[in-house]
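Colleague: I have just opened this structure and would like to understand the words people use for it. Could you walk me through them?

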Amino acid sequence: MAGLFNFDHLSPIYDPFMLPFERGILRVWRKHLWSEVQGKWVLEIGVGTGANFNFYPEGMTVFAIDRSLPMLRRARRKRRGIPLVAAEIENLPFGGSSFDDVISTLVFCSVSDTNSALREIWRVLRPGGRFHLLEHTRPRGWKGRIFDILNPITVFLMEEHINRQPHLLLEKYNFEIIKVEDLTDDGLFKHIIAKKVTSQRSGGGRNSPLRI
């Protein structure tokens with residue numbers, strides 16, 4: 001079920017709203033995440049308005065997707081030359097084993113179907129490829145119980161699942177957990193790295209993507 005508001009509605013105010021956080025600790029966390037991305041072919045899912053553009057390493061080919069066209073148009077105004085694709089994470093328009101790394105920053109809280117999304121990410125990663133996440137998750141202790149209570153409200157308003165724990169789902173989809181790092185003392189923000197584990201080559205194509 002879609003939320004009352006979505007990122008199409010929020011796109012005009014998204015950057016101003018996020019600016020204090022981006023100028024603070026988010027900039028540090030993003031830089032740290034991208035410093036651990038080593039592959040040549042990379043997919044960023046949920047690129048939004050392009051908050052990660054300044055951290056893309058040199059010599060890397062990055063494709064970036066988002067389901068919101070208004071967000072992608074704002075991203076395009078920030079930087080030309082990056083392949084931007086309008087697509088759902090649950091149905092990625094790329095062939096199997098296409099990417100060395102997949103990146104997700106503050107995305108999985110708003111994914112409609114996490115099971116389909118993780119299957120698709122596994123499919124497009126090459127064997128041994130890595131999935132890097134910077135996500136807010138359900139915090140530990142009493143804060144987690146409050147997040148559980150508030151979650152139905154945030155889902156109704158914005159399809160924002162504030163009590164998800166994506167790192168607990170990864171092994172179910174043949175990912176090997178490499179790292180789960182708490183970025184805050186309560187575990188609210190995490191840096192997660194998982195590796196695709198497979199004994200056979202994944203395949204399967206998709207229709208041509210809509211480039212922006």
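Modeller: Happy to; what follows is a set of questions and answers on this predicted model.

Colleague: Let's begin with the whole chain. How many helices and strands does the chain have?

Modeller: The chain has four helices and eight strands. From the N terminus on, these elements run α-β-β-α-β-β-α-β-α-β-β-β.

Colleague: Why is the chain called as compact as a globular protein of that length?

Modeller: The radius of gyration is 16 Å, and the globule rule gives 17 Å for 212 residues; the two values are close, so the chain counts as compact as a globular protein of that length. Its C-alpha atoms fill a box of roughly 45 × 40 × 35 Å along the principal axes, and buried residues make up 50% of the chain.

Colleague: Now to strand 4. What makes strand 4 "mostly covered"?

Modeller: Six of the seven residues in strand 4 are buried, and buried means under 20% relative accessible area.

Colleague: How do you know that strand 4 and strand 1 pair?

Modeller: At least two bridges are needed for a pair. Strand 1 (residues 41–45) and strand 4 have four bridges, in the parallel sense, so the pair meets the requirement of at least two. One of the contacts puts leucine 43 opposite its bridge partner valine 102. Strand 4 also pairs with strand 5 (residues 125–136), in the parallel sense over six bridges; there, serine 104 has leucine 133 as its bridge partner. Together with helix 3, strands 4 and 5 make a right-handed β-α-β unit.

Colleague: Just after strand 4 comes a loop that leads to helix 3. Why is leucine 106 called buried?

Modeller: Leucine 106 has 19% relative accessibility, and the cut-off for buried is under 20%, so leucine 106 counts as buried. Leucine 106 also has a positive phi of about 55 degrees, although it is not a glycine.

Colleague: And glutamate 58, buried or exposed?

Modeller: Glutamate 58 sits in the loop between strand 1 and strand 2. Its relative accessibility is 80%, and exposed means over 50%, so glutamate 58 counts as exposed.

Colleague: What makes glutamate 159 and arginine 67 a salt bridge?

Modeller: The closest N and O atoms of the two are 3.9 Å apart, and a salt bridge needs a distance within 4 Å, so the pair qualifies. The pair links distant parts of the chain, 92 residues apart: glutamate 159 is in the loop between helix 4 and strand 6, and arginine 67 in the loop between strand 2 and helix 2. Glutamate 159 is buried at 10%, while arginine 67, at 36%, is partly exposed. Glutamate 159 also has a positive phi of about 50 degrees without being a glycine.

Colleague: Why is lysine 190 called buried, when its partner aspartate 182 is partly exposed?

Modeller: Lysine 190 has 7% relative accessibility, which is under 20%, so it is buried. Aspartate 182 has 35%, between 20% and 50%, so it is partly exposed. Their side chains meet in a salt bridge of 3.3 Å, N to O. Elsewhere, salt bridges that share partners join Glu36, Lys179 and Glu181 into one network.

Colleague: Last one: why can methionine 158 belong to a surface patch?

Modeller: Methionine 158 has a relative accessible area of 32%, and patch residues need over 30%, so methionine 158 passes that cut-off. Methionine 158 is in helix 4, and the nonpolar patch covers about 770 Å², with Trp142 and Phe156 among the other members.

Conventions
Residues numbered from 1 in each chain as written. Predicted model: local features only at pLDDT ≥ 70, side-chain atom pairs only at ≥ 80, totals over all residues. Heavy atoms only, no water. Patch = residues over 30% accessible without salt bridge, like charges linked within 9 Å, V, L, I, M, F, W, Y side chains within 5 Å. Areas by Shrake-Rupley, 256 points an atom, 1.4 Å probe, with all protein chains shown as cover. Helix = DSSP H or I, 4+ residues; strand = E, 2+ residues; numbered from the N terminus. Buried < 20%, exposed > 50% of the residue type's maximum accessible area, 1.4 Å probe, protein only. Right-handed = clockwise from strand over helix to strand, strands pointing away. Rg over C-alpha atoms; globule rule 2.2 N^0.38 Å.
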